[in-house]
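Here's a walk through a protein model, written for someone who likes to check geometry by hand. Have the viewer open and follow along.

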Amino acid sequence: MSDGLSDVSTGLKQESVALCPLEAAAAPQQEPLCIFGTGDFGRSLGQRLLQAGYKVVYGSRRPQSCGPVPPGTQVMSHMAAAQSASLVFLCIHRENYDFLETLAHQLSGKVLVDVSNNLKKNIYPEANAEYLQKLIPGGHVVKAFNTLSAWALQNGPADASRQVYLCGNSTEAKQPVSEVATKLGLSVLDRGSLNAARELEDFPLELFPVWRLPLRLTLGLTVSFYTYLFLRDVIYTYVTEGKDISFRIMVSLANKVFPIVSLILLSLCYLPGVIAAFLQLYRGTKYKRFPDWLDRWMLCRKQLGLIALGYACLHVLYTLIIPIRYYVRFKIAESTISKVKMNQTSTFDTSVAWRSDSYLAVGILGFGFYILLGITSLPSVSNALSWREFSFVQSKLGYLTLFLCTLHTYLYGGTRFLIPSTYKWCTPPGYMLCLLLPSVVLSAQAADSPALRGPQPDPHPKRLGEERRRGRQQKSAANVDLKQPIPPVNMFLVQTSVMLLYCEKLTFYNIYNIVIKYKIASYQLSGITFSCSQGLFNHFRCCCYYLYVAHL
Ligand SMILES: NC(=O)C1=CN([C@@H]2O[C@H](COP(=O)(O)OP(=O)(O)OC[C@H]3O[C@@H](n4cnc5c(N)ncnc54)[C@H](OP(=O)(O)O)[C@@H]3O)[C@@H](O)[C@H]2O)C=CC1
Ligand SMILES: [Fe+3]
């Protein structure tokens, strides 16, 4: 490789003194960087290199009549430009690479930076960079800068486009490219040999890859619950009462679907952690990798949480507009007028007031913590937290948020589950369905708590902290390999917890059955069934609780 490479980052661009770094002033004989192609990308890159203090020469098919180039740069023929530099950026499309074969001699021994992308995946048998290496076997091809856009280069990279991935077979060739990128204010991630080039070329073609699964899930849940509630509310009322309440799909149904989906998504953020903990308990080791599906699920928890927060915000907004809705104002006015007409008064029910206020207060608290969780997931905030702080917010506060939001929903339901008319067409209301998952997650988390597992060893703060804080490297966070043994598990307590959970599940089914039977008709019969089964069942449950508490 040319010796001139070592000087690449230390020179001075004479015409742009104001933009040059101070130390560069001592090295007037700076070797220029060469850019082939005076198109959008070549121009933007040249501009940034000039600003960083580099000298730039362009290689063009028409040096005299090419497009505009940044002032202070030189434009030459490809051959002359290649001879003047040891680092060449190829800012031309792959389809036009053929002419480079004629320059194989001049480009031999030089570092050739391939920035090209394709319009689709897999349209060529090999990656562009590999193709370039074939055309110029004596060159040192490095794939880099292709994930940046000309626009981002021109405007200065924002957070999202600060990363430069590079790969190449020669470590010496990657060194100056990485230096240039660092000097442009970009952070470099080495992806290994040129075999990784295809992967890098596919990056810009991906559209929100980590958001795909959470968005699909959200869409699926939203559509399913909308349809379910539409059938239960609108169609049911139309069929049974002949009333058209289709206008409710705009606000009422939306304001039911948003909190339901939000709560389910929030539970789905914590469910993989619970599954992972139980999987480790079951396997008895932390050294085994998690299955791929669990890995992928864990990687998109942040996205799931952010969508859940978005839905919670929508629920809050929709709730705030309730008093100004025509339907609500009409209903209030109608009931007031009819009471006045009939000279009726209503008594104030303190228990209802308590329930309503608690339901609202718990909801507001839950929403406050929700927002806190969302804010701490921002890289700028999470980077300022230590591992313990981040873990505390995301885990402890996360569970507290889930608990408060679940409690909010339970309080909203109150004793409505005992009213037969709640089960339209024998189906439970939406809020009841959405309580299932968070209840399971919270119970499983309680079962997996230190009380049951004994004292937990501290995670390795450095390794875990770094992994967690860097969202881009979440992959390994899912399969953290802690060199620590699993604490002993108190299997008795786990078993009794499972039995208790089973009992509580039975309670729900029992009550549900009673209500349905009651609705069908034979109240007495169901009452007897209830008292028999409930009596036996309660004995069993009491035994479980006794054993559980006694053991604790
Ligand atoms: N634009 C962007 O945001 C990004 C672009 N890229 C990659 O950068 C490369 C350049 O893109 P961009 O600048 O947008 O494209 P442009 O079409 O704007 O420029 C391409 C340049 O290639 C040169 N060229 C065209 N035809 C030939 C030919 N037959 N033989 C030799 N040279 C030719 C021309 O320069 P001249 O007339 O001086 O010879 C032309 O200006 C592409 O590979 C693209 O994939 C990568 C990331 C982002
Ligand atoms: Fe609510």
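## A kinked helix

Helix 15 has a kink of about 25 degrees, centred on G398. Keep in mind that this is a predicted model, so the bend is a computed feature of that prediction. Does the end-to-end length of helix 15 agree or disagree with what you'd expect for its 27 residues? It agrees: at 1.5 Å a residue the span should be 39 Å, and the end C-alpha atoms sit 38 Å apart. Right after helix 15 comes G414, with a positive phi near 55 degrees.

L400 is also found in helix 15. With a relative accessibility of 33%, L400 counts as partly exposed, since the cut-off for buried is under 20% and the one for exposed is over 50%. In space, L400 has G366 at 7.8 Å, C-alpha to C-alpha, although 34 residues separate the two in sequence.

## The iron site

Which atoms coordinate the iron ion (ligand 2)? They are NE2 of H315 and NE2 of H408, at 2.2 Å. H315 belongs to helix 11 (residues 301-320) and H408 to helix 15 (residues 387-413), so this pair ties together parts that are 93 residues apart in sequence.

Both histidines count as buried, and the reason is the under 20% cut-off: H315 comes in at 18% relative accessibility and H408 at 15%. If you're thinking about angles, the ideal values at a metal are 109.5 degrees for four tetrahedral donors, and 90 or 180 degrees for six octahedral ones.

## Around helices 12 and 13

Helix 12 (residues 326-341) has 16 residues and reaches 22 Å from its first C-alpha to its last, close to the 22 Å expected at 1.5 Å a residue. Just after helix 12, N343 takes a positive phi of about 55 degrees.

S358 lies in helix 13 (residues 350-376). At 22% relative accessibility, S358 is partly exposed. Another pair that's separated in sequence is S358 and Y412: they are 54 residues apart along the chain, with 9.3 Å between their C-alpha atoms.

## The sheet

Now for the strands. There's an open sheet of eight strands with mixed pairing, in the order 3-2-1-4-5-6-7-8. Its edges are strand 3 (74-76) and strand 8 (187-190), each of which pairs on one side only. Ignoring direction, neighbouring strands in this sheet are turned by 30 degrees against each other on average.

Start with strand 5 (residues 111-114) and look at its neighbours. Strand 4 (residues 87-90) pairs with strand 5 in the parallel sense over four bridges, and V88 has L112 of strand 5 as its bridge partner. Strand 6 (residues 140-143) also runs parallel to strand 5, joined by four bridges, with H140 in strand 6 as the bridge partner of V111. Strand 6 then pairs with strand 7 (residues 163-168) in the antiparallel sense, over two bridges, and K143 stands opposite C167 in strand 7.

## Both sides of strand 5

In a regular strand the side chains alternate between the two faces of the sheet. Are the side chains on the two faces of strand 5 buried or exposed? Buried on both: V111 and V113 are covered on one side, and L112 and D114 on the other.

The link from strand 5 to strand 6 goes by way of helix 4 (residues 128-135), and together the three make a right-handed β-α-β unit. In the loop between strand 5 and helix 4 you'll find N122, which is exposed, with a relative accessible area of 58%.

## Backbone oddities

Most residues other than glycine have a negative phi, and most peptide bonds are trans. N122 goes the other way, with a positive phi near 55 degrees.

C426 isn't a glycine either, yet its phi is positive, about 60 degrees. C426 sits in the loop between helix 15 and helix 16 (430-447), and is partly exposed, with a relative accessible area of 44%.

Definitions and conventions
Residues are numbered from 1 along each chain as its sequence is written. Chains are lettered from A and ligands numbered from 1 in the order in which they are written. This is a predicted model: local features need pLDDT of at least 70, side-chain atom pairs count only at pLDDT 80 or more; totals for chains, interfaces and linings use all residues. Side-chain values use heavy atoms; hydrogens and water are left out. Donors are N, O and S atoms within 2.8 Å of the metal (3.2 Å for Na, K and Ca); water is not among the atoms, so sites may look incomplete. Buried means under 20% relative accessible area, exposed over 50%, partly exposed in between (1.4 Å probe, protein chains only). Two strands pair if DSSP finds at least two bridges between them. A crossover is right-handed if, with the strands pointing away from the viewer, the path from the first strand over the helix to the second runs clockwise. The expected span of a helix is 1.5 Å times one less than its number of residues. The bend at a residue is the angle between axes fitted to the seven residues ending there and the seven starting there. Axes are lines fitted to C-alpha atoms, for helices over the stretch in contact, and angles run from 0 to 180 degrees between N-to-C directions.
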